[in-house]
Amino acid sequence: MASSVSQLSESTRRTATMSESRAPGLRAQSVYRALRRAIIEQALKPGMKLPEDSIGEQLGVSRTLVREAFGRLAIEGLVELKPNKGASVAYPTLEEARDVFDVRRGLERLVAETLAGRLTNAQAAELEAHVLLEEKAHGQDGPESIRLSGEFHIKLAEMTGNALLLRYVQESSSRCSLILAIYGRPHSSECAVSEHRQLIEALRQGDAARATDLMDHHLRSVVTRALLSPRVERDIRDVLAPYALSEGLTPS
Ligand SMILES: [Zn+2]
């Protein structure tokens with residue numbers, strides 16, 4: 001029980017402690033954000049049980065606030081709530097995963113179309129600076145790199161100034177992170193940084209067709225890497241593990 005909670009990162013715990021002095025509304029927001037980050041950074045694994053009491057203790061908040069956060073995370077598809085069974089980190093099926101990626105691609109094509117030719121110099125500079133951070137983190141620190149990859153896409157959505165589009169992009173990208181945690185291969189959650197650069201360039205040039213194509217291609221390649229690539233060699237061991245165990249067979 002305690003193991004899931006002990007995996008909340010140090011920074012996540014700090015966020016929660018700092019939030020104690022704030023108003024209840026802000027504290028609820030902090031709990032939600034701490035849990036959301038722990039799920040997206042894959043510290044809390046898909047399918048993992050989320051006991052209200054120990055999470056509340058660990059974050060120093062009431063169970064009511066924890067439940068409230070679960071409710072929001074459930075709407076976003078990150079947490080599953082089952083009557084009498086409590087909450088757990090969601091575990092989408094492969095079929096659901098493909099649907100999520102399709103929706104995300106559609107949304108982000110719209111982001112690219114909206115931004116083409118409309119990026120200010122300050123926005124372009126902000127994106128360039130972000131890509132530099134991504135380059136530094138690439139391949140070194142899994143969670144950091146995954147977070148930065150996601151943030152690039154959120155930044156773009158923010159820059160459209162369309163609040164609804166931003167909300168949908170945020171939600172679909174959170175779901176994608178969870179899906180990649182389940183079905184992705186190591187590092188498949190990271191974006192190709194060179195593709196982010198190309199995208200910024202197309203947006204600056206105001207080439208909407210190229211920008212949407214690049215975005216489409218970019219997100220498709222994440223799916224291809226993570227979900228559609230031949231994973232048989234790796235998967236067969238997972239598939240056979242319980243059968244081997246029940247027969248008393250051990251891997252050589
Ligand atoms: Zn990307």
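Q: What makes a crossing left-handed rather than right-handed?
A: The near helix is turned anticlockwise from the far one by less than a right angle; clockwise is right-handed. This is a predicted model, where local features need pLDDT of at least 70, side-chain atom pairs count only at pLDDT 80 or more, and totals for chains, interfaces and linings use all residues. Residues are numbered from 1 along each chain as its sequence is written.

Q: OK, which way does α6 pass α9?
A: In a left-handed crossing. α6 (residues 94-115) and α9 (residues 163-183) pack at about 145°, axes 9 Å apart (axes are fitted to C-alpha atoms, over the stretch in contact for helices; angles run from 0 to 180 degrees between N-to-C directions). Helices (H or I, at least four residues) and strands (E, at least two) are DSSP runs numbered from the N terminus.

Q: Which residues touch there?
A: Among them are L94, F101 and R104 of α6, with Y168, R175 and I179 of α9. Contact means C-beta atoms, placed from the backbone, within 7 Å.

Q: Different topic: how are the strands ordered in the sheet?
A: β1-β3-β2, an open antiparallel sheet of three strands. Strands pair if DSSP finds at least two bridges between them.

Q: Why do β1 and β2 each have a side without a neighbour?
A: β1 (49-50) and β2 (79-82) are at the edges with a single partner strand each, so one side of each has no neighbour in the sheet.

Q: How many bridges join β2 to β3?
A: Four, with β3 covering residues 86-89. E80 stands opposite S88 in β3.

Q: Which helix lies across the strands?
A: α5 (residues 63-75) lies across β1, β2 and β3, at about 110° to β2. The axes of α5 and α4 (residues 52-59) come within 9 Å.

Methods
Contact = placed C-beta atoms within 7 Å.
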